Structures are given as C-alpha cells and as structure tokens.
Amino acid sequence: MATSVADVLDQSLAPRDPSMLLATVRSLDLAPDSLAVDVGCGEGEHAFRLAAHFGLRVVGIDPVQRHLDRAREVRRGEPEAVASRVSFERGTADRIPLRDATVDLVWCRDSLPHVPSLASSYREFGRVLRPGGRALVHQVLATDLLAPEEADWLFPVLGVVPASMDLDTSDGAIRHSGLVVDASVDLGSEWVEHAEETSGTASRALLHAARLQRDPERYREALGDAAYDVALGECLWTVYLMLGKLTSRVHLLSRP
Ligand SMILES: C[S@@+](CC[C@H](N)C(=O)[O-])C[C@H]1O[C@@H](n2cnc3c(N)ncnc32)[C@H](O)[C@@H]1O
C-alpha cells in the first residue's frame, strides 16, 4: 500500500520536552540541601519541584511582587519537607540577593527575554555561583526569519526584538561571562511540538491568533486593549516557535 505524505508527516520526530531540564539536574547529582536559585521564578512552580525532587534548598527570585505573593501563598500549602527548603525574594537576573560564591545551581527558565542586559545577568550568575557550581539556562531567541512587523506584534511596546533575545548578543554574553559552556542544546521547535502532540497547544494558539486578528474590535472590547495585546503576543509566541521565527536553547554552564 502506498504511503501518503500525511502518513509520513504524522510520524512524530520524538521532540524533547521541558522535563529534560529536571533530568539534567538529576545528572548533576547535587547533594541534598545544596543551594539553588530560581531566577525569574514566577509563582514558584519550578522552585517547589527542585526542592521536592532533589531535596535542594531553593531561593526563588522575581521582580514582580504579585508573583512572589502568590508563590508564598502556594508555599503555605506545601508539605513541610518542601516548604522548609523554599523561600522567595525580590530580585532580578542582574541583582540576585545572595552572597558571592554561595550557590550550587542557578536555574533560569524562560526569564531572560525580560532582562535589560544579558551580559550583566550571566556575570551575576557567575558571581553567586561557587567554584564548580552550575547554571542551567533555558532561553528563547529570535531568528532571522522573524520579520520586523512580526517583532512589532510580539513586542508592541518596544516595537523591535529586545537585545536579550538576539542570538549573537546571547553568545557574546555567555563568552564574556567567565562561565564555561559544558553543553548547549538547540531545541528549535521541540518543546512546542511536544506540547502540540500531547495537548494541541500550538494549533489552539494559532486558532486564537486567527480570531484575535480577524475581529480585533470584538476582543479589545471584551478583554481591554492591554489584555488583547498580551493574548495576541502569547499566541504568536507559540506559533513563531513552531515556525522557527523564534528558537529555544538550553545551556549548561559551570563556574571554573
Ligand atoms: C515567562 S515567565 C517564566 C516563569 C518561570 N521561570 C517558568 O519557567 O515558568 C518570566 C518570569 O521572568 C520574570 N522577570 C521579569 N523581569 C525579570 C528580570 N529582570 N530578572 C529576572 N526575572 C524577571 C517575570 O516576572 C516572570 O516571572
């Protein structure tokens, strides 16, 4: 029986998913009670995981007070073994409220697009890491396929791709940070392919983007202008990751 194009393309390329980050931490074999900092922790989801899975002490830092308040609220409902290991502090990637050479693991997932300077952020990771400490960084970057008007939709306030998402800037910041690159993985669209294959996330984002763009007045009236822009930006983020206009990378770094 002839194989159709659709039959060929329906076969998964077995994309990796975000659980690869936890597998990487496992491979580092950190001693329980080692100190980790979750940079841009949001509501603390990953800080709790690092404490629960590996017995690490984790300081989650984020500049947004609302995220810290929510993370502290969630902490109150966690089992004592997790809650006692996790705390949350106000901070940014380039101002981590921890002393020099005290941290065993910097975990930074999906936060670097927001930083004003990648160079000072990576330098700050090096400052807080103890010699031999590791940084596991997941980053989304823009590629040459992203057209200027598409950047404008994604970043309506800036109107251009922020420097923190520029591939060359990122490479330069890591090179000059004093950290050693142990591994770099170009994931491209893998995480979003995985999300699409398991829960249809990308096709739903595409459908939502189509609706938002076809009838903006309707959705601006229902959601408000700010929420409309955020919703469209988030949908396009997923779609552009699928199309290779954005790409994603993981770096494992160490302080010599
Ligand atoms: C997309 S969320 C990612 C949250 C979490 N790391 C995760 O993977 O689910 C980006 C986070 O970065 C935080 N953020 C914004 N500016 C930052 C900065 N300058 N330094 C560190 N984090 C920042 C935001 O408040 C937000 O919590």
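This report describes the surroundings of the ligand, a surface patch and a buried serine in a predicted model.

**The ligand and its shell**

The ligand is surrounded by 14 residues, and the closest are Gly40, Asp62, His67, Ala93 and Arg109. By residue class, this shell consists of four nonpolar, seven polar and three charged residues. Backbone atoms of Gly40, Gly42 and Ala93 take part in polar pairs with the ligand, as listed in the table.

| Residue (backbone atom) | Ligand atom | Distance |
|---|---|---|
| Gly40 | nitrogen | 2.7 Å |
| Gly42 | oxygen | 3.4 Å |
| Ala93 | nitrogen | 2.9 Å |

Taken alone, the ligand exposes 590 Å², of which the protein buries 80%.

**A nonpolar patch on the surface**

Val5, Val8 and Leu9 together form a nonpolar patch on the surface, and their combined accessible area is about 320 Å². One of these residues, Val5, belongs to helix H1, which covers residues 5-9. Val5 counts as exposed because its relative accessibility is 62%, and the cut-off for that class is over 50%.

**A buried serine in a strand**

Ser248 is part of strand S7, which runs over residues 246-254. With a relative accessible area of 4%, Ser248 is classed as buried, since that class takes in residues under 20%. The side chain of Ser248 also has a polar partner: a contact of 3.0 Å joins Ser248 to the side chain of His138.

Conventions
Residues are numbered from 1 along each chain as its sequence is written. This is a predicted model: local features need pLDDT of at least 70, side-chain atom pairs count only at pLDDT 80 or more; totals for chains, interfaces and linings use all residues. Side-chain values use heavy atoms; hydrogens and water are left out. A residue is near a molecule or strand if one of its heavy atoms lies within 4 Å of it. A polar contact is a pair of N or O atoms within 3.5 Å; within protein, one must be able to donate a hydrogen and the other to accept it, and residues adjacent in sequence count only if both atoms are side-chain atoms. Accessible areas come from the Shrake-Rupley method with a 1.4 Å probe; for residues, only the protein chains shown count as cover. Ala, Val, Leu, Ile, Met, Phe, Trp, Tyr, Cys and Pro count as nonpolar, Asp, Glu, Lys and Arg as charged, and the others, Gly among them, as polar. Patches are made of residues with over 30% relative accessible area and no salt bridge: like charges are joined within 9 Å, nonpolar side chains (Val, Leu, Ile, Met, Phe, Trp, Tyr) within 5 Å. A salt bridge is a side-chain nitrogen of Lys or Arg within 4 Å of a carboxyl oxygen of Asp or Glu. Helices (H or I, at least four residues) and strands (E, at least two) are DSSP runs, numbered from the N terminus. Buried means under 20% relative accessible area, exposed over 50%, partly exposed in between (1.4 Å probe, protein chains only).
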